Amino acid sequence: MNVVVCGGGNAGLCAAIAARRAGASVVLLEGAPAHMRGGNTRHTRDIRLAHAAPNAAATGAYPEEELYADLLRVTGGETDEPLARRTVGDSTQLAAWMEAQGVRWQPPLSGTLHLSRTNGFFLGGGKALANSYYDTAQRLGVRVVYDAMVRAFASDGACVTHVIYTDGAGDTAANGGREVRLACDAVVVAAGGFEADLEWLRAYWGDAASHFVIRGTPYNTGLALRALYDAGAQPAGDPRGLHSVAVDARAPRFDGGIVTRIDAIPFGIAVNANAERFYDEGEDLWPKRYAIWGKLIVEQPGQIAYAIFDAKTAGRFIPSAFQPQRADTLDVLAASLGLDGAALARTVASFNAAVRTHGPVDLGALDGNATAALVPPKSNWAQPIDSPPFYGYALRPGITFTYRGVAVDGDARVLRAGGEPFENAFAAGECMAGNILSRGYLAGFGLTIGTVFGRIAGANAAMPARARA
Ligand SMILES: Cc1cc2nc3c(=O)[nH]c(=O)nc-3n(C[C@H](O)[C@H](O)[C@H](O)COP(=O)(O)OP(=O)(O)OC[C@H]3O[C@@H](n4cnc5c(N)ncnc54)[C@H](O)[C@@H]3O)c2cc1C
């Protein structure tokens with residue numbers, strides 16, 4: 001069997017390894033050059049896995065039912081139940097499988113995201129994870145082609161016969177890329193979402209998309225996803241579905257990764273370009289709320305916001321790559337951020353006057369230190385912003401990935417518009433995660449979906465068509 005895998009991030013690598021171990025001849029087409037290989041997976045740190053007892057990577061048990069309940073909570077029940085159950089069930093097998101491919105774990109971490117019981121952190125982060133998988137895949141005989149952007153699939157009804165990609169630095173055949181037509185017995189599409197195509201995002205978000213910061217790879221432009229749609233695949237997931245967080249406005253347009261995320265918001269206040277507060281900064285524990293702030297900032301004028309805090313809380317959250325603006329007075333801070341000083345002074349004064357503290361501020365719990373008669377309220381961790389120096393970060397919406405992808409069945413086969421599956425086209429990772437995570441997010445679950453469905457897709461793609469039918 002000749003299996004072509006499109007995309008060399010977590011899901012594609014898991015698929016390539018699984019297909020090769022099942023006896024297929026495998027070519028992996030990675031759109032990025034070798035030094036940029038690994039997509040958004042390069043930026044990851046941890047994977048969410050159900051487990052019956054504590055282990056080298058987790059401080060306690062995380063039963064399957066609890067993980068499933070967590071998934072239902074964040075998605076509001078909008079998930080494909082069989083696919084979700086399969087992901088949760090298979091997650092118990094992943095730690096051992098990952099280790100067998102060279103991945104190593106680090107001891108459980110404590111920190112602001114409180115993941116030490118539920119999530120395993122791999123040693124060396126996502127780059128080491130991807131490097132281990134590339135090493136294993138290539139040792140097993142997977143042929144990896146870099147700079148290979150998949151642009152189209154030729155099909156014979158329900159069967160994909162060829163994968164068409166451009167090979168080389170040019171991004172179209174017209175400007176230098178050589179077009180290659182590769183025959184295949186089966187194809188696995190694992191080329192991520194379309195978050196790096198700002199024009200595509202603009203179609204759903206209008207001009208607001210001009211201010212989006214893309215946290216991950218510039219290579220996830222959705223070309224392979226579009227090619228699947230063109231071949232008749234059924235879309236799945238909300239077109240406007242995005243995972244997005246607050247990032248430093250000085251972050252690079254692409255690929256800034258984890259170090260540009262700003263966790264300062266619950267420690268002070270967040271204001272918009274008019275220096276007005278717009279949402280409860282203390283609504284719930286930060287791990288449950290950080291992923292709503294990207295969208296909240298999208299809704300603000302100019303898609304910008306500012307986190308303001310003072311000396312009492314400086315240094316209490318994970319630092320970002322860049323230092324915050326710092327000033328001895330709020331007026332100077334406002335000027336350095338481009339905010340109206342008088343407006344910021346008014347906002348801070350009314351916030352300070354509304355604060356009712358009952359005890360020490362405790363970011364690890366809902367401490368009930370709240371504002372009174374203030375709109376919007378701050379429901380926890382409220383304390384006056386009155387101790388110089390004052391600090392501020394300008395914030396932009398940082399897009400992690402898009403949810404819109406293709407519909408799949410339990411064998412990871414891509415469904416066609418009429419609902420019946422392609423015979424030999426499979427999908428794994430972010431490009432099908434929208435079947436399971438229609439909205440909301442569980443930290444570390446992107447890798448869980450990609451690893452589970454990468455393995456399923458690879459193993460099924462390696463089977464002769466007869467055996468699959
Ligand atoms: C900053 C950041 C931190 C994150 N942290 C975590 C975390 O700790 N845990 C977690 O579970 N999730 C995390 N995520 C989400 C996570 O990246 C994904 O769930 C997972 O890594 C996605 O894997 P994937 O294989 O589907 O996509 P990717 O890893 O993005 O891989 C897609 C690959 O396809 C290639 N490609 C794209 N288009 C084409 C094409 N047309 N032809 C050929 N190749 C193509 C790309 O170059 C890329 O290598 C994070 C994301 C970001 C941005």
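Where does P376 lie? You'll find P376 in the loop between β17 (370-371) and β18. Keep in mind as you look around that this is a predicted model. The peptide bond that joins V375 and P376 is cis, with omega at about -10°. The loop between β17 and β18 also holds P389, and here again we meet a cis bond: the peptide from P388 to P389 has omega near 0°.

From that loop, let's move on to the sheet. Strands of a sheet pair through backbone hydrogen bonds, either parallel or antiparallel. In this model, 6 strands make up an open sheet with mixed pairing, and the order across it reads β5-β2-β1-β9-β21-β20. At the edges sit β5 (143-145) and β20 (413-415), each of which pairs on one side only. Going from one strand to the next, the twist averages 35°. Zoom in on the β20 edge and you'll see that β20 runs antiparallel to β21 (residues 421-427), with 2 bridges joining them. Across this pair, R413 stands opposite F426 in β21.

Next up is the ligand. It is surrounded by 45 residues, and the closest are G7, G9, G39, G429 and G446. Sorted by type, the residues of the shell come out as 17 nonpolar, 22 polar and 6 charged. Several elements each put at least two residues into this shell: α1 (10-21), β3 (46-48), β6, α6 (223-230), β18 and α12 (445-461). Which of the elements gives the most to the shell around the ligand? That's α12, with 4 residues.

Strand β6 (residues 148-156) deserves a stop of its own, and M149 is a good place to land on it. M149 has 23 other C-beta atoms within 10 Å, so it counts as buried, given that the cut-off for buried is 20 or more. Look across from M149 to Y165: the two are 16 residues apart in sequence, yet their C-alpha atoms are 5.2 Å apart in space.

Now for helix α9 (residues 330-337), where L330, L333, A334 and L337 are buried. Looking down the axis of α9, you'd see these buried residues fall within an arc of 100°, so they line one face of the helix. What covers them includes β14 (305-310), β15 (325-327), α10 (341-354) and β18 (390-402). So β18 turns up in both places, because this strand is part of the cover over α9 and also supplies at least two residues to the ligand shell. Just after α9 comes G338, with a positive phi of about 80°.

Positive phi also shows up in residues other than glycine. One case is D255, with phi near 70°, in the loop between β12 (242-248) and β13 (269-272). Another is Q303, whose phi is near 55°, in the loop between α8 (293-298) and β14. Is each of these residues buried or partly exposed? D255 counts as partly exposed because 19 C-beta neighbours lie inside 10 Å. Q303, with 23 other C-beta atoms within 10 Å, is buried.

Note on methods:
Residues are numbered from 1 along each chain as its sequence is written. This is a predicted model: local features need pLDDT of at least 70, side-chain atom pairs count only at pLDDT 80 or more; totals for chains, interfaces and linings use all residues. A residue is buried if 20 or more other C-beta atoms lie within 10 Å of its own, exposed if 12 or fewer, and partly exposed in between; C-beta atoms are placed from the backbone. The arc is that of the directions from the helix axis to the C-beta atoms. Two residues are in contact if their C-beta atoms, placed from the backbone, lie within 7 Å. A residue is near a molecule or strand if its C-beta atom, placed from the backbone, lies within 6 Å of it. Ala, Val, Leu, Ile, Met, Phe, Trp, Tyr, Cys and Pro count as nonpolar, Asp, Glu, Lys and Arg as charged, and the others, Gly among them, as polar. Two strands pair if DSSP finds at least two bridges between them. Axes are lines fitted to C-alpha atoms, for helices over the stretch in contact, and angles run from 0 to 180 degrees between N-to-C directions.
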